[in-house]
Amino acid sequence: MADIEKLRNAHLEEFEKTAHINSMEEYKRLYRRSIEAPDAFWGEQAKTYLSWDKIWDFVLRYDFEEARIEWFGGGVLNACHNCIDRHLELRKDKIAYHWVGDSPGETRSVTYSDLHARVCNLAAELKYRGVSKGDRVILYMPRVIELPVAMLACARIGAVHSVVFGGFSPKALANRISDCSARVVITVDSGFRSGKLLPYKTNVEKALEIASDVETVIIFDRTGQKKVLSSSRNIGWHEVNAAPDPPADVAPEPMNAEDPLFILYTSGPSGKPVGIVHTHGGYLLYAAMSSRIIFDLREDDVIWCTADFGWIMGHSLGVYGSLLNGQTSVIFEGVPWYPTYDRYWEIISKYKVSKFYTAPTVIRKLSRAGNDYLKKYDLSSLRLLGSAGEILDHESWEWFYRHVGYERCPIVDTYFQIETGGPVISPLPGISPLKPGSCSIPFFGTDPVILDDSGDEARYPNQRGVLCIREPWPGIARTVHGDHEQFISTYFTQIPGMFFTADEAMRDEDGNYRIIGRVDNVINVSGHRIGTKEIESILELHDQVIEAAAVGFPHPVKRQGIYAFVAIKDISAISDTLKNELISLVRQEIGPIATIDVIQWTTALPKTRSGKILRTVLEKIAAGKTEEIGNISGIADTSLIESLIKNHKPGDYT
């Protein structure tokens, strides 16, 4: 056995002594019970992890044909009470969040008592402004403490929050505001990233020129300019928190377990933003339990989930999972390479972070910066490392394990989606083999199956197929906001009786799962899902573009980059100027996350004789795998494909 394998096994044994699930036998027993007796299993967990105003009438009812799913029907609770109030007796002076700004040296820390006061102040203001149970509130903010405060204030009064990633453009923001009919937007005057100001308030003002029904905009003065008011609907955050008699408490609104808690938008194949709805009871339980067990949370842990709060794991670990378990967390506004590549290591060392959870894109970029930045800091506080959002390649896994975890920290490479609410397949520290590229074993309550092209279950190891899940788990999404038919058609009609993930997967000889990639028209760029249709429709707005096809292709840092095949009217118009115009157009409409990496010009797109674009062929060309294209004799114009292959330039990033 190789030395590295001996080390891994030794540290598994170390974790096995104290882990919440400390043997494979215990895992199998509990997992089997969660599948065979879900009512009894999840009823026990709900009483363990959450405080209820009223116990449920039933644990689970569902109909996958109609996508009707109910967990803890008749139960009543409040998310904010579970995250803050119930901890105050024992943890009021415990730090809830350490905050680190974009600029080194800018820090704040808040206790659970501080958090309670801030949440109540904002909740009172929202109620004063007429926000009530069920109203939607858009949160468009950088990673500042005020963002989880706003999330919890909404939850406290029963409003539905929707966090929009700060990298989205005004148009993309407007689409989300309009889709959920938000009454209120909470934002900041500006944010900081790599020392530069980001125009949050300006973006909101541009968005509200399109989505004009918003009644109130609350603006946190992040940059200290005190220039936040420019219309009667704008309110400065400092006004909210400067009341002469701030409320000591705002009573948490009793919420039914199936009442919506938040909407989080994702990209779908159609290009239209899809508002995924999560509810109070099931989501909170799944966030609390998956966080505690997968990350082996302890009372003295300091956990740091680097995910943006506009991402599901920013919700499920960074806010709800950590606070439900009474943990201390880190929030970092900036990026790990500003002003130098040691920011993450400096923060881990300063705050004695013990559980560190980040994205493969970050790991790849930091590994390329070299190890000298790491050597300046004491990282001995780390006990566990985590990764999420996309596949963590073998090389990056080994670097993360050896140089960040010093060959003593298990890595939990988790698989989740916005729709799953949290990890549904994940290693468990102490019992799961440490295998690069493997997301390991199903979490409790999830019953995954891999189906081949015929719809039959995979019969042998490493057989590829689409990943589906047989039964509902508490964290599963409930609907698409305003369009339940789309929820049905996207997730439940492809394989009747199962939840369709649209991810390709396989299981190895030991039964461990590996995720391969998407099977729908969605590109995963640094963990962000971007619909190809959305990119294509924007490119086709340009008067020189006849049609366009966007596909994903292997990228050395982002894992998947955006490769656009663009058919133009006039070949003589090809120029760097045109290329930059198209790239800028997509960035303006969606945001910087949708920056096109490669544009390949053509006079037409290859299609079948019935007129369907040959996306699979284009993906092979973009990836430089032309030998895998196969027989193209039945295609309408084979010379077009031959031309695209000839003109492809591997690695020709824009």
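A crossing of two helices is right-handed if the near helix is turned clockwise from the far one by less than a right angle. I wrote that down before opening this model, which is predicted.

Entry one, a helix pair. I looked up helix 19 (residues 532-539) and helix 20 (residues 576-589), and their axes come within 9 Å and cross at roughly 125°. Helix 19 is therefore oblique to helix 20. I noted the crossing of the two as right-handed.

Next I asked which residues of helix 19 meet helix 20. They are Ile535, Ile538 and Leu539, and on the helix 20 side I found Leu582, Leu585, Val586 and Glu589. I sorted the residues of this contact into six nonpolar, no polar and one charged.

Entry two, helix 18. In this helix, residues 484-491, I found His484, Gln486, Phe487, Ile488 and Tyr491 buried. What covers them? The cover of these buried residues includes strand 2 (68-73) and strand 15 (273-279), along with strand 25 (479-480) and strand 26 (499-507).

Entry three, a sheet. Strand 26 led me to an open sheet of four strands in the order 23-24-26-27, paired antiparallel. I marked strand 23 (448-451) and strand 27 (513-518) as the edge strands, since each pairs on one side only. Neighbouring strands in the sheet are turned by 45° against each other on average, with direction ignored.

I then checked how many bridges join strand 26 and strand 27. The two pair in the antiparallel sense over five bridges. For Asp503, I recorded Arg518 in strand 27 as the bridge partner.

Notes
Residues are numbered from 1 along each chain as its sequence is written. This is a predicted model: local features need pLDDT of at least 70, side-chain atom pairs count only at pLDDT 80 or more; totals for chains, interfaces and linings use all residues. Side-chain values use heavy atoms; hydrogens and water are left out. Axes are lines fitted to C-alpha atoms, for helices over the stretch in contact, and angles run from 0 to 180 degrees between N-to-C directions. Angles under 35 degrees count as roughly parallel, over 145 as roughly antiparallel, 65 to 115 as roughly perpendicular and the rest as oblique. Contact means heavy atoms within 4.5 Å. Ala, Val, Leu, Ile, Met, Phe, Trp, Tyr, Cys and Pro count as nonpolar, Asp, Glu, Lys and Arg as charged, and the others, Gly among them, as polar. Buried means under 20% relative accessible area, exposed over 50%, partly exposed in between (1.4 Å probe, protein chains only). Two strands pair if DSSP finds at least two bridges between them.
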